Amino acid sequence: MATTLFFNIATLGGVDRKGRLRLQGSEMAQFETLDNAYLLVKDGRIADFGPMEQMPKFDDNVTKVDADGGTVMPSFCDSHTHIVNAGSREGEFVDKINGLSYAEIAKRGGGILNSADKLHEMSEDDLYEQSMKRVREVMFKGTGCVEIKSGYGLNTEDELKMLRVIKRIKETSPLKVVANFLGAHAVGRAYAGRQAEYVDLVINEMIPAVAAEGLADFVDVFCDEGFFTPEETGRILQAGAKHGMRGKIHGQELAPSGGVEVALKHNALSVDHLESMTDEDIAMMIGTETSPTALPGTSFFLNIPFAPVRKMISAGLGPAIASDYNPGSTPSGDMKFVVSLACIKMRLLPEEALNAATINGAYAMGLSADYGSIAIGKVANFYITHPIPSIAFIPYAYTTPVIREVYLNGERQN
């Protein structure tokens, strides 16, 4: 029965006393903090917190950690990543500099298909070892929960290989991991010009095979111009739901393409990207369970418009922000930088951006009952910073390393 007391915390951030599963509209500007605080962790969960002057006395059996004037923050909850992949694509980075668009690179056989070719040649063990390096990277940058998608297999065997690697990461990493089957990320090379047949493969072969091994929590589709249609997306989401996989969608990245509407029709947990989101899309999402999830790192790296998150919040929505860590369009899983981009480029307040990256990110994975804030009973995933002047310093100092120690399930990570 491990119990640890953290004391001399200059600021305890992300405190929740109301048991909220997500924040929406004006609520997002509320990021409760407690100065000069203590935090008690028991058996990997938060047992108590409060001001130092009210801290109970504990016996010598309790491990004591001096935060030494640092700030304690809930771990980031990154609800959209492609961490399992077979390596970098810096050649396409140069292509973009030379003026090619993401869609043009994809038409030339690059992009997602390039990653699929590399993954096909890599063994499952090598894929796991390479991916675990990225897992540890994001962990020490403050991420405590992460969704990992497949989608670089594009045939049944390789999609299963990816998902088995994700399962191994779940079992061997202290991060909380959820798995997302994204067989409909692009049409596999073997089915070039036969998209309808590929969709049938996803529905009739891939999804049952994934379900038979219990490898995925969610099913996802790239519903966008040049990829999968709303009708195809709906069929795939429906098939996934029959096998216990709730839907998520990549939508409205490249063009207004019906992604939001089909996500809502099938009660998807989130619709992600939204760089081309319209006012009509925003209006449709009001009052629904579906989380709009923006990926500012993608806009930054591809030099495309940012999702209209300021409009979403003004309309009463509760967006999440995530990294989209992948080798093509966002080769970074640094959620602190994502928070900075949300402030600088999307005009979010630091409090709004931090809520979007923690409690709302957890909601977009179905995890906010246990993760995403400092609340009694929640899993003790947090980090301790070096002494900083305020919470706003975290996004303000956009390249300054502020994290001193990372704790997951109440245990320090080394």
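**Exercise 1. State which residues the UniProt annotation "binding site" (unreviewed entry) covers in the set that contains E253, and where they lie with respect to the largest cavity.**

Solution. The annotation covers R89, Y152, H185, E253 and S329. UniProt positions follow the numbering used here, feature names are shortened, and annotations may be inferred rather than shown by experiment. R89, Y152, H185, E253 and S329 are taken in by the lining of the largest cavity. A cavity is a set of points, on a 1 Å grid over the protein atoms alone, where a 1.4 Å probe fits but cannot get out; lining residues have an atom within 4 Å of a point.

The structure is a predicted model, in which local features need pLDDT of at least 70, side-chain atom pairs count only at pLDDT 80 or more, and totals for chains, interfaces and linings use all residues. Residues are numbered from 1 along each chain as its sequence is written, and side-chain values use heavy atoms, with hydrogens and water left out.

**Exercise 2. Determine whether E253 and S329 are buried or exposed, and locate each one.**

Solution. Step one is position: E253 is found in the loop between β10 (246-251) and α8 (259-265), and S329 in the loop between β13 (320-321) and α12 (335-346). Helices (H or I, at least four residues) and strands (E, at least two) are DSSP runs, numbered from the N terminus.

Step two is accessibility. E253 counts as buried because its relative accessibility is 5%; S329 counts as buried at 4%. Buried means under 20% relative accessible area, exposed over 50%, and partly exposed in between (1.4 Å probe, protein chains only).

Step three is contact, meaning heavy atoms within 4.5 Å. Not counting residues up to four places away in sequence, E253 touches residues including F222, D224, H273 and T298. With the same exclusion, S329 touches Y102, G297, T298, F301, L302 and D324.

**Exercise 3. Describe how H80, H82, H250 and D324 are arranged.**

Solution. UniProt places the feature "binding site" (unreviewed entry) at these four residues, H80, H82, H250 and D324. They are spread over 245 residues of sequence, yet they cluster in space, with a largest C-alpha distance of 12.4 Å. Of these residues, H82, H250 and D324 are included in the lining of the largest cavity.

H80 has its place in strand β6. H80 counts as buried because its relative accessibility is 0%. Leaving aside neighbours within four places in sequence, the contacts of H80 include H250 and D324.

**Exercise 4. Give the strand order of the open sheet of eight strands and identify the strands at its edges.**

Solution. The order is β6-β7-β8-β9-β10-β11-β12-β13, with parallel pairing. β6 (76-81) and β13 stand at the edges; each has a single partner strand, so one side of each is left without a neighbour in the sheet. Two strands pair if DSSP finds at least two bridges between them. β12 (residues 291-294) and β13 pair in the parallel sense over two bridges, and I321 in β13 is the bridge partner of A294.

**Exercise 5. Identify which strands α7 and α12 lie across.**

Solution. Helix α7 (residues 230-242) lies across β8 (176-184), β9 (218-223) and β10, running at about 175° to β9. Helix α12 lies across β6, β7 (143-149), β12 and β13, at about 85° to β6. Axes are lines fitted to C-alpha atoms, for helices over the stretch in contact, and angles run from 0 to 180 degrees between N-to-C directions.

Key. On a 1 Å grid over the protein atoms alone, a cavity is a set of points where a 1.4 Å probe fits but cannot get out, and a pocket is an open set with protein on both sides within 12 Å along at least five of seven lines; lining residues have an atom within 4 Å of a point.
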